[in-house]
Number of protein chains: 2
Amino acid sequence: MPRTPESIFKTLVNRNARVTAPRREIIDCISKVPRTFTAEDVCAQLPHIGRATVYRTLKILQDANIICKVVLPNDEMAYSVSADLDQESGVSRVPAHHHHAVCTVCTAVRYFNAEAIERVIHALSGSVQGVMGEIIDHRIEVYDICPRCVVQNPEPA
Amino acid sequence: MPRTPESIFKTLVNRNARVTAPRREIIDCISKVPRTFTAEDVCAQLPHIGRATVYRTLKILQDANIICKVVLPNDEMAYSVSADLDQESGVSRVPAHHHHAVCTVCTAVRYFNAEAIERVIHALSGSVQGVMGEIIDHRIEVYDICPRCVVQNPEPA
DNA sequence: GTTGCTGCAAATCCTTTGCAAGGTT
DNA sequence: AACCTTGCAAAGGATTTGCAGCAAC
């Protein structure tokens, strides 16, 4: 289930945003690789597009849940393309609530949701000796070496 | 187990950093309340101390694990005092690996560690259909209404 | 006395905004 | 035609750095 630029364009149209040449380029650029990226990364790769346009477009994509922010191991934030989009409707298939697995080698981001985690988190309300109040939400980032990188960088025997 | 400025000073000494008047003031300032804060917050409260000194001091405190960064619900980052310090040794009692509960009302941060969560996270390696690789680390923030704020802001019946 | 710290100002980096010109529907 | 978007340049905010003077140990 690839994240295709076409399906992202559809989402834009659904949201009454115009599909312009700069937006096409930006979306192509960030769809090409599954890595995390920053606004500056995009500016560097598309130097002929104005910075303001890049920042504005990324904000739109974030509002549309096409990209979202992830926290990296070094405490910095970056974007990742969050949407495995439905080809028909152009609507994101990623549930509103999800978590990130970020590869510490290539920064590839994968999305997951684990019932077991949700259950344990909500069980904290009572357990942790009075420090935990009424739980509203939570955020989880898992840092791993993704299957592809594990193969390419085997542990030294 | 309060976070006392004195114990933080000890930690500084342990790390061969000098205990100066500006550092005392900054540490007093951030120890006073259990809320999250930014460098600018400290600058605003201690306007007679140079910005550079504030930024440099916070960096030192972060390196010493006296403060650490937390991710807020709005995707912004802020510092919180992470150390319940041992009065004798001046060494942080907070284990290297811990998680944050951030109150969405007052931003008070509490620290916790739950075996159950650790177990579930590590169990993900195999479970999530091939997307998860070798798990290295993880980060969890729980957003809640802390016990104190729950009392002060009861749910409308 | 040695070494590290402070404060200022300048520099840097990242992001947002105003506005006139041009593009999309 | 109406409205949105772009790009530039300027503004703004946050953080870092150079450096001379001062302070802690």
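# Chains and DNA strands

Modeller: Start here: a polar side-chain atom of Arg18(B) lies 2.7 Å from a base oxygen of DNA strand C. This is a predicted model, where local features need pLDDT of at least 70 and side-chain atom pairs pLDDT 80 or more, while totals for chains, interfaces and linings use all residues; side-chain values use heavy atoms, without hydrogens or water. Residues are numbered from 1 along each chain as its sequence is written, with chains lettered from A and ligands numbered from 1 in the order in which they are written.

Biologist: What makes the pair of Arg18(B) and the base oxygen a polar contact?

Modeller: A polar contact is a pair of N or O atoms within 3.5 Å (inside protein, one must be able to donate a hydrogen and the other to accept it, and residues adjacent in sequence count only if both atoms are side-chain atoms). The value for Arg18(B) is 2.7 Å, so the pair qualifies. Arg56(B) also has a side-chain N or O atom 2.8 Å from a base nitrogen of DNA strand C, and for Tyr55(A) the partner is a phosphate oxygen, at 2.5 Å.

Biologist: Which elements give two or more residues to the surface near strand C?

Modeller: Helix 4 (51-63) of chain A, plus helix 2 (21-32) and helix 4 (51-63) of chain B. The largest share, 5 residues, comes from helix 4 of chain A. Helices here are DSSP runs (H or I, at least four residues), as are strands (E, at least two), numbered from the N terminus.

Biologist: What makes a residue count as near DNA strand C, and how many do?

Modeller: One of its heavy atoms has to lie within 4 Å of the strand. There are 20 around DNA strand C, with Arg18(A), Tyr55(A), Lys59(A), Arg18(B) and Thr20(B) the closest. Sugar and phosphate make up 64% of the strand C atoms that come within 4 Å of the protein.

Biologist: And what surrounds DNA strand D?

Modeller: Also 20 residues, of which Arg23(A), Thr53(A), Arg56(A), Tyr55(B) and Lys59(B) come nearest. Phosphate oxygens of strand D lie 2.5 Å from a side-chain N or O atom of Tyr55(B) and 2.8 Å from a polar side-chain atom of Lys59(B). Helix 4 of chain B gives the largest share of this surface, 5 residues.

Biologist: Why is the span of helix 2 of chain B called close to the expected one?

Modeller: The expected span is 1.5 Å times one less than the number of residues. Helix 2 of chain B has 12 residues, for which 16 Å is expected, and reaches 17 Å from first C-alpha to last.

Biologist: Which of its residues are called buried?

Modeller: Arg23(B), Ile26(B), Ile27(B), Cys29(B), Ile30(B) and Ser31(B). Buried means under 20% relative accessible area, exposed over 50%, partly exposed in between (1.4 Å probe, protein chains only).

Biologist: Why are the two chains said to have a two-fold axis?

Modeller: Two copies of a chain are related by a rotation about an axis and a shift along it. Chain A can be laid on chain B by a turn of 180° and a shift of 0.0 Å, with an RMSD of 0.1 Å. That is the relation of a two-fold axis. The superposition is by least squares on C-alpha atoms of residues with pLDDT of at least 70 in both copies. Ile140(A) comes closest to the axis among chain A residues, at 2.3 Å (C-alpha).

Biologist: Why do the copies meet through the same surface?

Modeller: Because 100% of the interface residues of chain A are also interface residues in chain B.

How values were computed
Contact means heavy atoms within 4.5 Å.
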